[in-house]
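Colleague: I've got a model open and I'm a bit lost in it. Please pick one part and walk me through it slowly, starting from the overall layout.

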Amino acid sequence: MKFTLSWLKDHLETEAPLGDILYALTDLGLEVEEVVDPADRLGAFRICRVIEAVQHPNADRLRVCRVETFPDGPGGRSEEVQVVCGAPNARTGLVGVFAPAGTHVPGTGVDLKPGLIRGVESNGMLCSERELELSDNHDGIIDLPADAPLGVRFIDWRGLNDPMIYIKITPNRPDALGVRGIARDLAARGLGTLKPQQIQPVAGAFPSPVSVQIDPALKEKGCPLFAGRVIRGVKNGPSPLWLQARLKAIGLRPISALVDITNFFTFDQNRPLHVFDVAKVAGGALRIHPAAGGETLLALDGKTYTFQPGMMAISDAEQAESLAGVMGGEHSGCTDATTEVFLESAYWDPITVATTGRALKINSDARYRFERGVDPAFTLPGLEAATRMILDLCGGEASDVVMDGAVPDTRRAYRLDTARVQSLVGMDIPADAQRKTLVALGFTLEGDMAFPPSWRPDVLGEADLVEEVARVASLTKLVGRPMPRARAGVPGPILTPLQQREKAARRTLAALGYNECVTYSFIDGAAAALFGGGQDALRVENPISSEMTHMRPDLLPGLLQAAARNQARGFADMALFEVGPAFHGGEPGEQHLQAAGLLVGATAARDPFGSRRPADLYDAKADAEAVLAALGAPAKMQITRKVAGWWHPGRSGQMALGPNVMATFGEVHPKVLKALDVKGPAMAFTIMVANVPLPKVKTPTRPALALSGLQAVERDFAFVVDARVEALTLLNAAQGADKALIERVAVFDQFSGDKAEAQMGPGKKSLAISVRLQPTDKTLTDEEIEAVSAKIVEKVAKATGGILRG
Amino acid sequence: MDALTDLKARYLTGIAAAGDEAALEELRLAALGKKGEVSLKMRELGQMSPDERQTAGPALNALKDELDAALRAKRVALADAALDERLKAEWLDVTLPGRPRPRGTIHPVSQVMEELTAIFADMGFAVAEGPQIETDWYNFDALNIPPEHPARQEHDTFFMARAADDPRPPHVLRTHTSPVQIRAMTAQGAPIRVIAPGRVYRMDMDQTHSPMFHQVEGLAIDRDLSMANLKWVLEEFCRAFFEVPHVDLRFRASHFPFTEPSAEVDIRCSWAGGQLKIGEGDSWMEILGSGMVHPKVLKAAGVDPDQWQGFAFGMGIDRIAMLKYGIPDLRAFFESDLRWLRHYGFAALDLPTLQGGLSR
């Protein structure tokens, strides 16, 4: 909402400086977004007189002027300044506009400096209208009447010193979409007095030749009231300069007196109006009705719209002439040739107007106001006030008012509990001050009941009264008051186990050297499909770009795309992770927390120690295990090869407890890498954070530490097995040989590949394990050790077919 | 006893001159070995008269001890010299880099979420969560934003696709964290104190907007909480979060459908020299929206507005992260540029705590 200071002063009697007004507006909830104060740009330009203009000695087209200036304003000391001027109208005795050296000239963007022009000193400028950005006129310098007051700021003399104020209006305040509503708020705050507004009805001189009728289907809700009258004998043309200046100041283009008048009331009173050219209204009747659908209208914005069934139309005998409450039609619009108009003032249902505007994507000032709510009680006074202005500016005579429907009843009341301001806001405001505020805002008080004014559809309860009182009193005065702890003493922990785990996973991964990413929750459909997503249930109906069409089914595609971007920037080695939601369905709650890591390239930069090697599956596995351990997963879990399609089928696995899959790790499928433009290979893991079981009993107590005083014995074994025998099978078999005695088994070597096959036979490899025996009651004898060893060899042979390597 | 003096002088000279372990051992055998000179003299003690023995015995013993000590000392000296010699040869270039250790980072959004949590946890707020695909009821209606409300249009909502045979209104990607208010109150009732940090989505993308960003919602409901309490909580939060001794907040009347009265909150700051300083200067910067929870919102969540009242607030996590840590561009948060992650990220062990300070 834009308006100017002088416009505001039409409604508000005030001496308050601009700064105070701006502060109060923002503080009242009418947030000032922008102020354009012409004095900031043009305040230095003052009216001056050319004492004498003589020919420049060195240039035919230049004149040297002795200029009488008044740097301290009218009545102040005068100062003679020499200016070299190229304007043809620079002459002795001219009263013009002077800018001293140091002034920024907006029309040229130049900062004036004293200087020599063709060898003659020049200390300022006599200005043209273009230099002041007032018009395109640059034929000569500004030539004012001889009696123009010397020393006065030019903007003051020309009436241009009218700051434009742009405020942001929250959707609850349609009344502030008119200057009068803004003035009322300021008056309530104490920044002046709201000027009384007396609207004298214009007596009709003849019956209206145009009749109006609201279709019964709309009377209840869509259009409770439609009023208007004919004004004949009008002369349309440009509106007066003061009206044009106002509209221009708020960014509107003056069109013609009739149109400008309707726009004026839109902004002055939040009262949108429309004028029809009676000559174009067929059949002398306007009908307000729901569209059947399919009707078209060439609207005033030059576009043709098609009515959908139920949208409200204003039609004459032949066709639709207006999109009710949204935009008028070009056909019956007013032109300079118009002599007879029908002036419309109606009350339209906000929801119906909003629905139509949204469906047709029309953002008009009328729609903006009607959908927020105009004052229904002002429908007829608005019509009268506009009639008066048309008669004043365009002449003619007005008919009787014709109308259908009635002003909707908005009367309602809420109890004003003056103690509520203290209990809800925490401000101490005397009861009579509260009542005074409400009255100033237009409320009617009867006892302790407050009746909101018809222009405040937003006030719908007692809390709204509190809000009005506090807002006008100023929330800036609110003083903070300590909130007691909900429970005295040391605060208890507040994170849920899952929240703790999310944090643990994140910190662990960062500690392992991964950089945390936060990638978008939506990705492109093709990438989603690679990871088992892309279903319609996960599709965003109105994505902002083709790369953000589907909710991500998994964190890896986002990380892989991040890796591709980093590779394109020249980074080959990286460890990235993300902890965040993935979506397995389109219903609320069909999301789960994942922690995913991605390793691309080498583990380290090149260095003198040969630290650099390609990251591999076992890096990803170790990191996944570290995270699982941090989340409290049991040390022992099953590892299976049942992985989803985006993993390398031979080089990835799942960590599970029975059917409960806690993590997948391994190499990403090369096809996926290719599709996502990642130069591979790439290792990754995905941890389903919530699938890690919670401890059955939560206690800080640790199990007792059992330390044996007896010497442990370490024995190594190397087995020749088939190349596809898995180490875990072998380890489990060895462990099973003597569950009490064998404390730990571990693989310490693997010998496989061509050389191994050359030694041990085709399809064979060797796995070497170490077994730690921990006796508990007596030291082991050699015989006992031999017996366990034999058992191990036997168990391994049985489980894997492996034989002890010779 | 001159013989003993001679003997001693000879051996001590020999020991001092010995160049290696072998020479030293030779001297030891010659003096103190079974057939060494000192040992032989000891044997002679038996043939002496008691008087002679009384003087010769201690003298011999002293000699033996002295030579033994000299031998040991020399042995240590030789070993030290040999070690010195070896260490001199063992030279490595200490300016070579150490072996690489990976250095990971925590994203600023995560770090700031933990900072928020630390502060609000101290004031008794728990962390609530809610789904990011949300029903339009939770995202709008329950928050007193009816379908025709202009704010519902202004939210630039992302809608989920809806199957043709499904008559329900489409779900939305939550446009704010406020629906968590409803879910938390419905689940827990009153009194309640929660914050709800998380991702939110709006159809907006330019220099300062991203279609996904992060918000934190705050909600406190009790018997008699007022807007003055809200102001205090926010003052405490801002002081702790921005790690300054004092902050000034200014409440400005505003409008949100789900609070009444509503206020935008500005914080006093200075931009002198292009550097933001919170708590000083003459500028005010809007940092969040807040208000007293609307009675209709309480009702929608099953809380009796005649019995309970309280406040709610919402602020942008990315934004306060940018302000606090001087990060210029919002969109870079989600681009995963390694250079950005390393520069603006936090170390794994930079755990924000109230006792240790939130940042280093």
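Into which domains is chain A divided? Once that is clear, zoom in on strand β24 of chain A, please.

Modeller: Sure, but keep in mind that this is a predicted model, where local features need pLDDT of at least 70, side-chain atom pairs count only at pLDDT 80 or more, and totals for chains, interfaces and linings use all residues. Residues are numbered from 1 along each chain as its sequence is written, while chains are lettered from A and ligands numbered from 1 in the order in which they are written.

Now your question. Chain A is divided into domain 1 (2–37 + 163–194), domain 2 (40–157), domain 3 (211–405), domain 4 (414–475), domain 5 (497–691) and domain 6 (713–804); these bounds come from an automatic or database domain assignment. Between domain 3 and domain 4 of chain A, the C-alpha centres are 35 Å apart.

Step back for a second to see the whole chain. The C-alpha trace of chain A spans about 130 × 80 × 60 Å along its principal axes. Its radius of gyration is 42 Å, whereas a compact globule of 806 residues would have one near 28 Å (taken over C-alpha atoms, with the globule rule being 2.2 Å times the number of residues to the power 0.38). You'll find 22 helices and 42 strands in chain A; both are DSSP runs numbered from the N terminus, helices being H or I of at least four residues and strands E of at least two. Of the 806 residues in chain A, 43% count as buried. Buried means 20 or more other C-beta atoms within 10 Å of a residue's own, exposed means 12 or fewer, and partly exposed is in between, with C-beta atoms placed from the backbone.

Now zoom in on your strand. β24 of chain A covers residues 340–347, and 8 of its 8 residues are buried. E340(A), F342(A), E344(A) and A346(A) point one way from β24(A), while V341(A), L343(A), S345(A) and Y347(A) point the other way.

What does β24(A) pair with? Strands of a sheet pair through backbone hydrogen bonds, either parallel or antiparallel. Here, strand β16 (residues 225–232) of chain A runs antiparallel to β24(A) and is joined to it by 8 bridges; two strands count as paired if DSSP finds at least two bridges between them. In that pairing, look for A227(A), which stands opposite S345(A). Strand β17 (residues 274–277) of chain A is also antiparallel to β24(A), through 4 bridges, and V275(A) stands opposite L343(A).

For another sheet, go to domain 4 of chain A, residues 414–475. Three strands of chain A form an open antiparallel sheet in the order β27-β29-β28. β27 (414–415) and β28 (444–446) of chain A are its edge strands, each pairing on one side only. β28(A) pairs with β29 (residues 449–451) of chain A over 3 antiparallel bridges, and there E446(A) stands opposite M449(A).

Finally, compare those buried strand residues with a loop residue. T103(A) is found in the loop between β7 (95–100) and β8 (104–105) of chain A. T103(A) counts as partly exposed because it has 19 other C-beta atoms within 10 Å. G124(A) is 21 residues from T103(A) in sequence, and their C-alpha atoms are 8.3 Å apart.
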